[in-house]
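Student: I would like a close look at one part of this model. Please take it step by step.

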Amino acid sequence: MKKVSWGVLSTAKIGREKVIPALQKSQFCSVNAIASRSLEQAQSTATQLGIAKAYGSYDALLEDPSIEAIYNPLPNDLHVPMTLAAARAGKHVLCEKPIALNANEAAALREVAGQVHIMEAFMVRFHPQWIKARELVRSGSLGELRTVQAFFSYFNTQQDNIRNRLDAGGGALYDIGCYPIVAGRFMFEAEPVRVIALMDRDPNFKTDRTASALLDFGEGRRLEFTVSTQSTPYQRVHLVGTLQRLEIEVPFNAPTNGITRLFTDDGGLPAGGHAVEHILPTCDQYSLQADAFSQAIRGEIPLPYGVEDAIQNMHIIDALFRSERSGQWEMPSQA
């Protein structure tokens, strides 16, 4: 398959440190251009990462006819505007999560969804550990999956950090709460019928620094999670069924230079004495995601996740913010 020619909007840290290197070592991607509002910054990053072209504006990159796909890691409030601009320029777009600030904003992407491929960048859905975990759920080895529990946190109180800017879509739910939501949808292969949330907001930033939620998937199934931008760094996902539990050791920031592990346990002995280790090979989930998107562009496979999936994610996030205000259960709209 001919490699897809990629351009990157902005010199954001996640792009520089994780996604661009992953694209460069992937099978079906070629990173040929990068843009920044500062030409000097774009040129510096291009030199550092070995990218051929550097542009001093996003529009200049979108006008480059040699670029087929765009990676958009801009701040959350620019995800939809720049994804629309790229799509209208005929570029396919892999957009960082969350795809929008609300479902209504995300719905604007329906205008271009039939013309190009647009996918929200949840790289975790392409990692073998998530795929293996879902295979174990589907096999029935856990019995009936009843509960998905997740915790994800880091500590960041930097005044100028984009994650602490309310106007740009900062806060725990937007930044990392979307991952447990995707975990619940991925493992249950269903949508929540109602949700309830409890949030604690930073007195200065006004962003939600800790968000906890309960999502009811019906038939006794629930997702429970807490995420925080001001807690000691930690992450874990537990899937608890009627026969066994499954633990994903590093569910979200899986290492690219070592193995990943799952554990299953029937609870027959205290402290996990019956736990069975499942070892997954070393891989880069960002490379796997980019290759899948590139294959979809070439028509080799269907687009794994499209605009409707992203809109539904935002419906759930919207409902959780409504629940914060109402203190009650709220029902997400269905995409």
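Student: Where does α8 bend, by about how many degrees, and which proline follows within four residues?

Tutor: Keep in mind that the model is predicted. Helix α8 bends at C178, by about 40°. The proline that follows within four residues is P180. Now check the length. Helix α8 covers residues 172-188, which is 17 residues. At 1.5 Å a residue the expected span is 24 Å, and the end C-alpha atoms lie 23 Å apart, so the two values agree. Burial comes next. Helix α8 is mostly covered, with 17 of its 17 residues buried. Just after the helix, E189 has a positive phi of about 50°.

Another pair of helices can be described too. Two packed helices are described by the angle and the distance between their axes. Take α1, residues 13-24, and α9, residues 285-297. Their axes come within 7 Å and cross at roughly 60°. That angle is under 65 degrees but not under 35, so α1 and α9 count as oblique to each other. Their crossing is right-handed. On the α1 side, I14, K18, V19, A22 and L23 make the contact. On the α9 side, Y286, S287 and A290 do so.

C29 links to this region. C29 lies in strand β2, residues 29-35. Beyond its sequence neighbours up to four places away, C29 touches residues including L23 and A290. Also among its contacts are K3, V4, W6, D291 and S294. The relative accessible area of C29 is 2%, so C29 is buried.

Terms used
Residues numbered from 1 in each chain as written. Predicted model: local features only at pLDDT ≥ 70, side-chain atom pairs only at ≥ 80, totals over all residues. Heavy atoms only, no water. Helix = DSSP H or I, 4+ residues; strand = E, 2+ residues; numbered from the N terminus. Expected span 1.5 Å × (residues − 1). Bend = angle between axes of the 7 residues up to and from the residue. Buried < 20%, exposed > 50% of the residue type's maximum accessible area, 1.4 Å probe, protein only. Axes fitted to C-alpha atoms, helices over the stretch in contact; angles between N-to-C directions. Parallel < 35°, antiparallel > 145°, perpendicular 65-115°, else oblique. Left-handed = near helix turned anticlockwise from the far one by under 90°. Contact = heavy atoms within 4.5 Å.
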